[in-house]
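Trainee: Could we go through this model together, starting with the metal site?
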Amino acid sequence: MENTDVAQVFAEVADLLELTGGNAFKVRAYRQAAQLVELLPTPVSELWRQGKLTELPAIGERLAAHIEELLATGHYREHDKLLARVPPGLLELLKVEGLGPKTAALAWKRLHVKGLEDFEVACRSGALEKLPRMGPRRVAALLLAIERHRARKGRVPLYRALASAEAIVRQLREVPGVQAAEVAGSIRRRRETIGDLDLLVASLEVDAVIAAFKRAPEVQQLVASGPTRCTARLKSGLQADLRILPPQSFGAAMHYFTGSKSHNIEVRTRAMRQGLKLSEYGVFDREGRRLGGATEEDVFRLVGLPWIPPELREGAGEVEAAAAGRLPRLIEEADLLGDLHVHSEASSDGRSSVEELREEAGHLGRRYLAITDHSRSRPLGLEAGPMRALALEIHRLEAQVRRGPHLLTGVEVDILGDGELDLPLEVLAELDCVVASVHSHFSDSPEKMTRRIVRALRSGVVDVLGHPTGRQLGIRDPYAFDFQQVLEVAREQGVALEINATPDRLDLDDKHCRLAKEAGVRLVISSDAHHASQLANLRYGVWVARRGWLEREDLLNTLPLNQLKRRLHAHRGPPELHAPG
Ligand code: DGT
Ligand code: CA
Ligand code: CA
Ligand code: ZN
């Protein structure tokens, strides 16, 4: 049991006591103990073993006995007793800003409110308004706070956390005495969704760093602070943990707080087997002598490992692979030579012209670009005639305008309800790059969805399966189908699977990427840009690919144009489908 767990139990006991009208002194004692334990640099379990618990301020004999009970049994009877008296949903209610135990208890006793949903109903029905000390303005404020609470509760997609984390870190680097400031945690590992921000600073001037953090425009208020760390609520509703370390510990802390937890446990176990002690402060020998820890490279070197890229640190075999010298050479953004899924204003909902897209892609260093507008079943999608006309226009631009990346003709064609494609095969066969995607009937049974996709892949004209699972982060779950079977058919047909880099799609995800690689299926990273400014989103897809252990050879859009073209045409079905021109 870690300090944060003990602190959480105590904080919850304080809440429960308040909800049940417990003694105010007792409530305060538990809250103080919770804060103290949370910020304690040493594990309470260690202090307990040394019999030093009561030496802490705010911990008397009784609290010490409670901590002991908690550590020894993993439970604490008074906590359990209180929990049994209160509807579990009431505790969540307390996390809403401006909603304290008094209000929650009142709503519970008078209106039988048992949780957030009930409470919201009581707000909207006018029932809450009539209670003492309420009124319409207070209720309106509570409704807004409930909304913010909901937004906060879930994890947010990476792109919503990354920019503010980087902005704060940039400001902290300007503070006198700061030697380094970096983002750690799940953001550094580029997880697709983020719980909270973890920021690390190397400095001996703790107060100056905390003061600057507090002043940062992204920060709303500090919610906790201790001798070398603090936690803030950001204006976005997210929380940020800031830790300040002496420079000699910075690398060890970067490693520890980048995580993941399961990666850390594996590396620490390995260190222990070698007679070393690894912590967020450094690497030490049996006698407690510091061997290193100023850089992450130190940490890995001292435990006999090469540096492991953060995207791999999920405890999913990376430590073993590193030890065996078999880490993948992960794909980098610069390896991507082109983008094979881009929408233009020629159709669909694209808002940039082909020329604008080409120009921006050129700025980003891409060498080729496939214009893949929607087929006729989509709103504003193209019928066969206009699709051919667009392809001709692209050929013309490609031939006449030599500036910028090469243009490829293409389409994002719908996979219809029965697995047929939304345009005639001979039209599709004329195009350089055919992306086929499911945009409808998401609730088909897994069997039917699998049949639809398989049939589309066997059409002989499909090059890429677009956003293969259809998920949208926080909006729509993936549709259900037999992914393994689709992988088999994709390999047999030479169809590539897309990593759609739209930041709230990221579809395929990292786990699917790894499965695809193992199955010998190639992938492409595509922006699915609907505006020139979105072409840069490719980097989100690169991070997914890296988390999925992908290397340059696993991707199609790392090939130079002539090889890519050969590859796109080679796998296509019966030759009679290849219309001339
Ligand atoms: P998140 O915030 O849920 O998106 O995910 P993380 O990975 O950022 O997790 P967080 O913020 O709770 O902690 C940051 C890192 O600190 C985590 O990746 C590993 C390290 N860490 C946190 N708690 C523990 C722990 O109990 N044991 C170990 N070994 N490491 C931990
Ligand atoms: Ca975190
Ligand atoms: Ca954290
Ligand atoms: Zn699509």
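Trainee: Which residues are the protein donors of the zinc ion (ligand 4)?
Mentor: In this predicted model, Glu 412 (OE), His 439 (NE2) and His 467 (NE2) are the protein donors, lying 2.1 to 2.2 Å from the zinc ion (ligand 4). Donors are N, O and S atoms within 2.8 Å of the metal (3.2 Å for Na, K and Ca); water is not among the atoms, so sites may look incomplete.
Trainee: How are the donor residues spaced in sequence?
Mentor: Their spacing is E-x26-H-x27-H. Glu 412 lies in strand E13 (residues 406-414) and His 439 in the loop between strand E14 (433-437) and helix H20 (446-457), so the pair ties together parts that are 27 residues apart in sequence. Strands here are DSSP runs of at least two residues (E), helices of at least four (H or I), numbered from the N terminus.
Trainee: Are Glu 412 and His 439 buried or exposed?
Mentor: Both Glu 412 and His 439 are buried, meaning under 20% relative accessible area with a 1.4 Å probe, protein chains only.
Trainee: Now ligand 1. Where does it lie?
Mentor: Domain 2 (156-245) and domain 3 (251-323) both give residues to its shell, so ligand 1 lies between them; the bounds come from an automatic or database domain assignment.
Trainee: Which side chain has an N or O atom 2.9 Å from an oxygen atom of ligand 1?
Mentor: That is Asp 196, while for Asp 198 the corresponding distance is 3.0 Å.
Trainee: And the numbering?
Mentor: Residues are numbered from 1 along each chain as written, chains are lettered from A and ligands numbered from 1 in written order. Local features need pLDDT of at least 70, side-chain atom pairs count only at pLDDT 80 or more, totals for chains, interfaces and linings use all residues, and side-chain values use heavy atoms, leaving out hydrogens and water.

Technical notes
A polar contact is a pair of N or O atoms within 3.5 Å; within protein, one must be able to donate a hydrogen and the other to accept it, and residues adjacent in sequence count only if both atoms are side-chain atoms. Buried means under 20% relative accessible area, exposed over 50%, partly exposed in between (1.4 Å probe, protein chains only).
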